Amino acid sequence: MAKSKYTSNRVEAVLDAIRREGSDRAAWEAGSIGKTLFYEWQKKYPEFLNAVAQAKEEFRRSCPEELKRQARKSLADYMFNGAIETWESTETIEDASGEVKLIKRSIKTVKRGTPQWAIDRVLGQQISELESIKSLTESGWLQQQVLERLGTAMDKFNESAKVAFQGDLDDEDLDAQSGG
């Protein structure tokens, strides 16, 4: 029978890596285990899952202020600019004799939103977009008026949605949905 990879030495190496670097990748590499096994252990061993969460919290508490500042700036950049990836492709069109008639260049840009792991690692919890914006406002990255305008717009949207849904549902529909 093969020995289990789940040993106290290996677990401690994994947890030390998380405390130092804060990332799952550093953890599974330090423990000489694969990504899949790292997550399987979290499902199989509740004490391991709790220890990983505690190690991540220790990383957040001991993380140098400069690194936190950089992370907040990166988070703000992601929120306002997204992750922008650009690809350029070139296509040449030749005539029957093989001479180039046209060179066609195209640029494709893709904008991606903030990855959830970035928010989780920096702030230590999952938060909504509105809470992120509020956090940016409180730290001085975003003006208070922007937050107030956004809140007003969201209130109007919610009220409009309620009216729209109420107009579509009559009392019998509401009774059926509530089980009454």
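**Helix H3 and its neighbours**

Modeller: On one side of helix H3, Thr36, Lys43 and Lys44 are exposed (over 50% relative accessible area, with a 1.4 Å probe and protein chains only). This is a predicted model, where local features need pLDDT of at least 70, side-chain atom pairs count only at pLDDT 80 or more, and totals for chains, interfaces and linings use all residues. Residues are numbered from 1 along each chain as its sequence is written, and side-chain values use heavy atoms, leaving out hydrogens and water.

Biologist: Which residues of H3 are called buried?

Modeller: Phe38, Trp41 and Gln42 are, each under 20% relative accessible area.

Biologist: What puts them on the same side of H3?

Modeller: Their arc around the axis, taken from the directions to the C-beta atoms, is only 100 degrees, so they share one side of H3.

Biologist: And what covers the buried residues of H3?

Modeller: The cover includes helix H1 (8-21), helix H2 (24-30) and H4, counting contact as heavy atoms within 4.5 Å.

Biologist: Why is H3 called roughly perpendicular to H4?

Modeller: The two helices pack at an angle of about 115 degrees, with axes 5 Å apart. Angles of 65 to 115 degrees count as roughly perpendicular, so H3 earns that description.

Biologist: Which residues meet there?

Modeller: Phe38, Trp41, Gln42 and Lys44 in H3 meet Pro46, Phe48, Leu49 and Val52 in H4. By type, that contact has 6 nonpolar residues, 1 polar and 1 charged.

Biologist: How many helices and strands does the protein have?

Modeller: There are 9 helices (DSSP runs of H or I, at least four residues) and 2 strands (E, at least two).

Terms used
Axes fitted to C-alpha atoms, helices over the stretch in contact; angles between N-to-C directions. Parallel < 35°, antiparallel > 145°, perpendicular 65-115°, else oblique. Nonpolar A, V, L, I, M, F, W, Y, C, P; charged D, E, K, R; others polar.
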